[in-house]
Amino acid sequence: MCGIVGYTGKATALSPVLEGLRRLEYRGYDSAGIALAVTQGEPLWIEKRAGKLGNLESTLTTVPDAHSGIGHTRWATHGGPTDRNAHPHLDNEGKLALIHNGIIENYVELREELEKRGHTFKSETDTESVVHLLSDARKKHGGDLAAAMREVCSQLRGSFTLLAIHSDEPGRIVGARRNSPLVVGVGDGENFLASDVSAFIAHTKHALELGQDEVVDITATNIVITNLEGDILPQKAYEISWDASAAERGGFEHFMLKEIYEQPKAVADTLIGRTAGLDPEITAGINLEGISKVVIIACGTAFHAGLVGKYAIEKWANISVDVELASEYRYREPSVDGNTLVIPISQSGETMDTLMAMRYARSKGARVFAVCNTNGSTIPRESDAVLYTHAGPEIAVASTKAFLTQLIAMYLIALHLGTVRGSLTSAEHDEIVGHLAELPSKIEQVLETVEPLRALTRQFKEAASMLFLGRHVGFPTALEGALKLKELAYMHAEGFAGGELKHGPIALIDQGTPVVAVMPAFGSLLAEKMASNVQEVKARGAIIIAIGDGDLPSADHMIRIPATHPFLEPVLAVVPLQVIAYEMAIARGNDVDQPRNLAKSVTVE
Ligand code: F6R
């Protein structure tokens with residue numbers, strides 16, 4: 001939810017800290033702040049501002065030279081997005097600064113206690129309690145910031161990534177994490193701490209994972225990781241496989257458009273080496289035999305990928321599948337046992353609800369096979385097996401290429417389960433694989449419709465609402481189209497199963513209501529059913545934009561996509577829906593890459 005970066009090393013700290021914040025701004029963008037350790041023993045230099053990072057940057061005209069600092073870009077939880085509530089927060093002497101991502105659940109009681117002890121609070125945040133607590137603990141531990149951090153973490157409830165810096169030791173930054181992301185970037189004479197690797201990818205590709213309840217203590221040349229008891233832990237190193245250019249806009253007007261155009265490659269990269277069967281290295285940790293049911297847990301767009309996965313797994317692997325919103329699943333004590341296969345789907349690998357739902361299932365003995373795009377994040381780390389999607393970094397808040405690769409991952413898992421369970425013949429398997437292999441070039445063909453589709457979309461910019469219809473796997477596609485439009489165009493949008501129309505939603509249709517029909521493969525029984533649904537809404541005044549692999553005479557506008565296997569159609573049909581949402585956001589003057597009220601990675605409940 002918030003973006004966090006820390007730098008200590010040979011460079012002037014402002015530059016890597018600001019650069020990291022620019023890369024992390026997708027995580028939250030309602031205020032930003034920086035603290036630099038300029039002179040040993042003197043108060044820290046600090047600047048923070050409500051609004052996007054640009055607001056902060058415009059104030060940074062005379063910044064003193066410093067070689068270490070921390071920076072934060074916020075998505076507000078406790079306390080509105082004001083200058084005062086922006087991070088970093090300082091202790092009463094102004095020498096200790098702290099930034100935080102997550103929620104401190106016991107902050108009220110901590111605050112009361114700290115106020116009794118004479119601490120003065122300046123903000124309404126949960127975070128400020130921690131900086132005062134840390135200040136007291138540091139004094140108690142003779143100035144040892146890492147020891148203080150360990151003590152403080154054991155007193156906190158909730159989720160957090162914390163970074164702290166004290167001017168008595170200007171080159172030292174101490175971090176900690178629980179249920180919230182933090183990675184270490186290992187440089188040459190400089191080290192980094194950040195919410196994700198994109199913050200420091202331009203400087204180093206060497207990273208270290210941090211586990212749950214671990215404290216990391218860095219200087220320019222040294223990194224020490226401990227648990228909360230203070231035992232030194234071995235370092236888990238990994239190499240980042242993408243480079244800085246992947247996290248740049250590369251000439252595109254917005255990250256979202258760039259990411260839409262990256263979809264053929266993302267799909268190809270996710271398929272590579274996997275169509276003949278999943279690598280035994282992927283499945284080594286999990287026994288997929290004797291499973292009695294599959295439960296897919298996810299949120300938002302990833303949930304829609306899970307719905308498509310249900311159709312494929314039930315058909316190809318002949319096993320019953322439930323798809324659950326993680327936030328609902330985790331609190332209703334569902335029945336789950338050792339014969340349940342749980343598939344959490346998450347781009348970030350850090351979504352709190354998905355993580356907690358998965359932990360619940362694991363505690364009941366379920367086998368967990370994650371689908372994730374972020375190497376080393378918490379969800380894959382806590383799973384028995386993981387199928388990584390290879391979408392690369394997704395910076396725009398609205399998910400596009402990650403969704404397509406999640407769909408691919410679901411097809412690959414469905415094929416694998418079908419093979420393990422003997423429910424899929426090799427001819428069926430090969431036919432599907434043949435279609436999968438053609439998808440990257442077919443997405444390229446769909447991308448050729450982008451410009452005319454953008455022009456068409458602008459015609460509907462004043463519409464009060466837009467509806468999306470689909471059947472079979474076209475239904476989750478319709479849901480995804482509606483979600484994209486809501487989050488980007490701030491416009492009423494809903495997705496419906498075509499067959500449900502007559503049970504209520506058709507009352508929404510008015511003269512001129514734009515309705516997007518995701519058509520099943522032309523010539524199929526379901527295509528005929530959808531054609532009837534389209535007639536029903538058209539007769540009530542709707543304007544029909546149809547997406548399909550043939551021509552629908554009743555459509556006012558037809559967007560052609562190449563024919564493919566019926567189950568794979570969402571991979572192609574969703575691309576025009578992404579473009580509609582993208583263009584509608586621009587037409588309505590909205591911020592495409594950073595829509596209001598949202599953040600990319602939802603690491604709070
Ligand atoms: C919508 C979107 C969100 C995410 C959801 C889950 O465009 O991006 O709905 O899909 O927050 O996030 P992950 O996949 O990181 O768990």
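Colleague: What volume does the largest cavity have, and what makes it a cavity?

Modeller: The largest cavity has a volume of about 80 Å³, a volume being the space filled by probe spheres set on grid points joined across faces, edges and corners. On a 1 Å grid over the protein atoms alone, a cavity is a set of points where a 1.4 Å probe fits but cannot get out. Searching the whole structure gives one cavity of 30 Å³ or more. This is a predicted model, in which local features need pLDDT of at least 70 and side-chain atom pairs count only at pLDDT 80 or more, while totals for chains, interfaces and linings use all residues. Residues are numbered from 1 along each chain as its sequence is written, and side-chain values use heavy atoms, with hydrogens and water left out.

Colleague: Which residues line the largest cavity closest to its centre?

Modeller: Cys2, Arg74, Thr77, His87 and Gly102 are the closest to the centre, out of 16 lining residues; a lining residue has an atom within 4 Å of a point. The elements giving two or more residues are β4 (68-74) and β6 (96-104), with β6 giving the most, three residues. Helices (H or I, at least four residues) and strands (E, at least two) are DSSP runs, numbered from the N terminus.

Colleague: What is unusual about the peptide bond between His87 and Pro88?

Modeller: Omega is about 0° there, and the bond is cis. Most peptide bonds are trans. Pro88 lies in the loop between β4 and β5 (89-90), and His87 is among the residues closest to the centre of the largest cavity.

Colleague: What sign does phi have at Asn318?

Modeller: Phi is positive, about 50°, although Asn318 is not a glycine. Most residues other than glycine have a negative phi. Asn318 lies in the loop between α9 and β16 (321-325).

Colleague: Where does the ligand sit, and why is that space called a pocket?

Modeller: The ligand takes up the space of the second largest pocket. A pocket is an open set with protein on both sides within 12 Å along at least five of seven lines. A molecule sits in one if more than half of its atoms lie within 2 Å of the grid points, so the ligand is assigned to this pocket.

Colleague: Which residues come nearest to the ligand, and what makes a residue near?

Modeller: A residue is near if one of its heavy atoms lies within 4 Å of the molecule. Of 14 residues around the ligand, Ser346, Gln347, Ser348, Thr351 and Glu487 come nearest. In the shell, α9 (300-317) and α16 (474-489) each supply at least two residues, and α9 gives the most, three.

Colleague: How do you know that Ser346, Thr351 and Glu487 make polar contacts with the ligand?

Modeller: A polar contact is a pair of N or O atoms within 3.5 Å; within protein, one must be able to donate a hydrogen and the other to accept it, and residues adjacent in sequence count only if both atoms are side-chain atoms. An oxygen atom of the ligand is 2.6 Å from an N or O atom in the side chain of Ser346, and for Thr351 the distance is 2.4 Å. For Glu487, a polar side-chain atom is 2.5 Å from a ligand oxygen. Each value is within 3.5 Å, so each pair is a polar contact.

Colleague: What is the volume of the largest pocket, and which residues lie nearest its centre?

Modeller: The largest pocket holds about 870 Å³. Of its 41 lining residues, Trp242, Asn373, Thr374, Gly392 and Pro393 lie nearest the centre. The largest share from an element, three residues, comes from α7.
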